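User: Please take a close look at the surroundings of one bound ligand in this model. Then work outwards from there and tell me what else stands out.

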Amino acid sequence: MELSRHNILTKIHERDEYLLVNLLSREADVLSAAEGARLVGGEHRDDAELVRKGYVVDPQEEARRYRAAYLDFVDARDKDEIQLFYVPSYACNFGCSYCYQDEYAAPPAGGPAAAPDAVLAAFFAYVDDVFAERRKYVTVFGGEPLLPSAAARRAVEGLVEGTARRGLDLAVVTNGYHLAEYLPLLGRARIREVQITLDGTAKVHDARRYLKGGGSTFGPIVAGVDACLAAGLPVNLRSVLDRDNVEGFRELAHFAIDRGWTKSPLFKTQIGRNYELHHCQGEQARLYSRLELYQDLYALVKADPALLAFHRPAFSVARFLFAEGELPDPLFDACPACRTEWAFDASGRIYPCTANVGKPGESVGTFYPERTLDETAVAAWQERDVAGIATCRDCALALACGGGCGAVAKNRVGTIDAPDCRPVRELLALGAGLYGAPDAPG
Ligand code: SF4
Ligand code: SF4
């Protein structure tokens, strides 16, 4: 018998205890300093409790369990709901300081974008044929999809009608500036959620997310969130954090709490990290590693636990573990591209996901004017998981990490068949320190 290769042992931040987690046996325990130190030293004496919980294993028996869990994962993913992004246009009314799309070329004059109705019809025909047997929903994405132009409105009308006719949900990703004007139209769809980005309170937000050519955007976005909630549409408020605005996150949280947003069951939040995927992140010093971001969030929450009413950071699987009292299923693959996520744009091209939609050279096929699919490229995406990436196969963190993001891996080393590592141990240490303490903030 030996220690499981899937044990993740970490010293809990600011406490003299350890967290031991095993995603394959789905066990987690807080250990005393002495017990933790014993395991760190590789000592286990075939302890019956450790064996029962799958921390100490017969490696062959564990390999069998790994294979069975992998097959269950693939099965579940094959039945999972698919998210289909549609980008009517890359045009945007904002000139955000960190925008990654601003170098994307406009579609050529006279190309498919000149016949947007035909392209949208081809998109729905493709969805009807190719994803007939799958549960699915559509997300309209940009650029900024909710612009005041007639063309933008017509595209959103087409998506509202096309999804409503098929009984599909429609989600919207918007900067929120013209959201209030669009609500009567969106109210005709089955809206899954409206994702709106707000990076701070007025001063912080407006310094990052301003109109092209300058101009404040905070007020209309806040009015859009208010109007959405009043109209009964779910809001997912997203904040993109980096060194410039993390301090202001606390203020934003209190703004949302004071405005009554956090009381609504329709309101949730998400954090985006401003990261090195695209061309424009010249000022690398501003960028944040995932660990630095979570270290700062930990400190913010410790100093002001009320912030948790606005957002509860995940800290890998720690939030789930301490909220649910159990671990999530093992994550053999964190990247949904070409599996449960596809992206389509008005040029008639198909992309693996939103991280690469519109990016030159990243298309894997077309749905208009004709249907084509680069089977080799699609297979490469579909085969990318922790059982396939060589470095991940032997990684103890694999089933919490899932191999990370294929687009980030490609950006870093030129291929998606490479790891995008998550600092799982360090995140769990922080999360257990925050959520697992006897006096953990509610
Ligand atoms: S490539 Fe990255 S952004 Fe795209 S689906 Fe995979 S994890 Fe998500
Ligand atoms: S991406 Fe890195 S941390 Fe994640 S499973 Fe692979 S090797 Fe481990």
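Analyst: In this predicted model, the shell around ligand 1 holds Cys335, Pro336, Ala337, Cys353, Ala355, Trp381, Cys405, Gly406 and Ala407. Sorted by class, that shell has 8 nonpolar residues, 1 polar residue and no charged residues. Cysteine counts as nonpolar in this sorting and glycine as polar. Cys335, Cys353 and Cys405 therefore fall on the nonpolar side, and Gly406 on the polar side.

Take Ala337 from that shell. Alanine 337 sits in the loop that runs between helix H11 (318–324) and strand S12 (341–345). Its relative accessible area is 1%. The cut-off for buried is under 20%, so alanine 337 counts as buried. For a sense of distance, compare alanine 337 with aspartate 296. The two are 41 residues apart in sequence, and their C-alpha atoms are 30 Å apart in space.

Now the cysteines. The search of the whole structure turns up 0 disulfides. Cysteine 338 is one that is in no disulfide. For cysteine 338, the nearest cysteine sulfur belongs to cysteine 353, and it is 8.2 Å away. A disulfide needs two sulfur atoms within 2.5 Å, so this pair does not qualify. Cysteine 338 is also buried, at 1% relative accessible area. Cysteine 353, its nearest partner by sulfur, is itself among the residues around ligand 1.

Ligand 2 has its own surroundings. Thr391, Cys392, Cys395, Ala398, Cys401, Gly403, Pro419, Asp420, Cys421 and Arg422 surround ligand 2. Here the classes come out as 6 nonpolar, 2 polar and 2 charged residues. Set that beside ligand 1, whose shell has no charged residues. Asp and Arg count as charged, so the charged pair around ligand 2 is Asp420 and Arg422. Two helices each give at least two residues to this shell: helix H13 (390–393) and helix H14 (398–401). One of the cysteines here, cysteine 395, has 28% relative accessibility and counts as partly exposed. Cysteine 338, by contrast, is buried.

Next, the backbone. Tyrosine 368 and proline 369 are joined by a cis peptide bond, with omega at about 0 degrees. Proline 369 lies in the loop between strand S14 (365–366) and strand S15 (372–373). Another cis peptide bond runs from glycine 142 to glycine 143, and there omega is near 10 degrees. Glycine 143 belongs to the loop between strand S7 (136–140) and H5.

Two residues that are not glycine have a positive phi. Glutamate 14 has a phi of about 60 degrees. Its place is the loop between strand S2 (7–11) and strand S3 (17–22). At 60% relative accessibility, glutamate 14 is exposed. Arginine 26 has a phi of about 55 degrees. It occupies the loop between S3 and strand S4 (27–32). Arginine 26 is partly exposed, at 34% relative accessible area.

Those two loops are early in the chain, so here is the domain layout. The domain assignment gives domain 1 (2–75) and domain 2 (81–313). Their centres, taken over C-alpha atoms, are 39 Å apart.

Finally, a pocket. The second largest pocket holds about 520 Å³ of space. It is lined by 26 residues, and the closest to its centre are Pro116, Asp117, Leu120, Arg154 and Ala155. Helix H4 (116–130) and helix H5 (150–166) are the elements that give two or more residues to this lining. H5 provides the largest share, with 10 residues. By class, the lining has 15 nonpolar, 4 polar and 7 charged residues. Phenylalanine 124 lies in helix H4. At 5% relative accessible area, phenylalanine 124 is buried. Its C-alpha atom is 7.1 Å from that of glycine 162, though the two are 38 residues apart along the chain.

Key
Residues are numbered from 1 along each chain as its sequence is written. Chains are lettered from A and ligands numbered from 1 in the order in which they are written. This is a predicted model: local features need pLDDT of at least 70, side-chain atom pairs count only at pLDDT 80 or more; totals for chains, interfaces and linings use all residues. Side-chain values use heavy atoms; hydrogens and water are left out. On a 1 Å grid over the protein atoms alone, a cavity is a set of points where a 1.4 Å probe fits but cannot get out, and a pocket is an open set with protein on both sides within 12 Å along at least five of seven lines; lining residues have an atom within 4 Å of a point. Grid points are joined across faces, edges and corners, and a volume is the space filled by probe spheres set on the points. Helices (H or I, at least four residues) and strands (E, at least two) are DSSP runs, numbered from the N terminus. A residue is near a molecule or strand if one of its heavy atoms lies within 4 Å of it. Buried means under 20% relative accessible area, exposed over 50%, partly exposed in between (1.4 Å probe, protein chains only). Domain bounds come from an automatic or database domain assignment.
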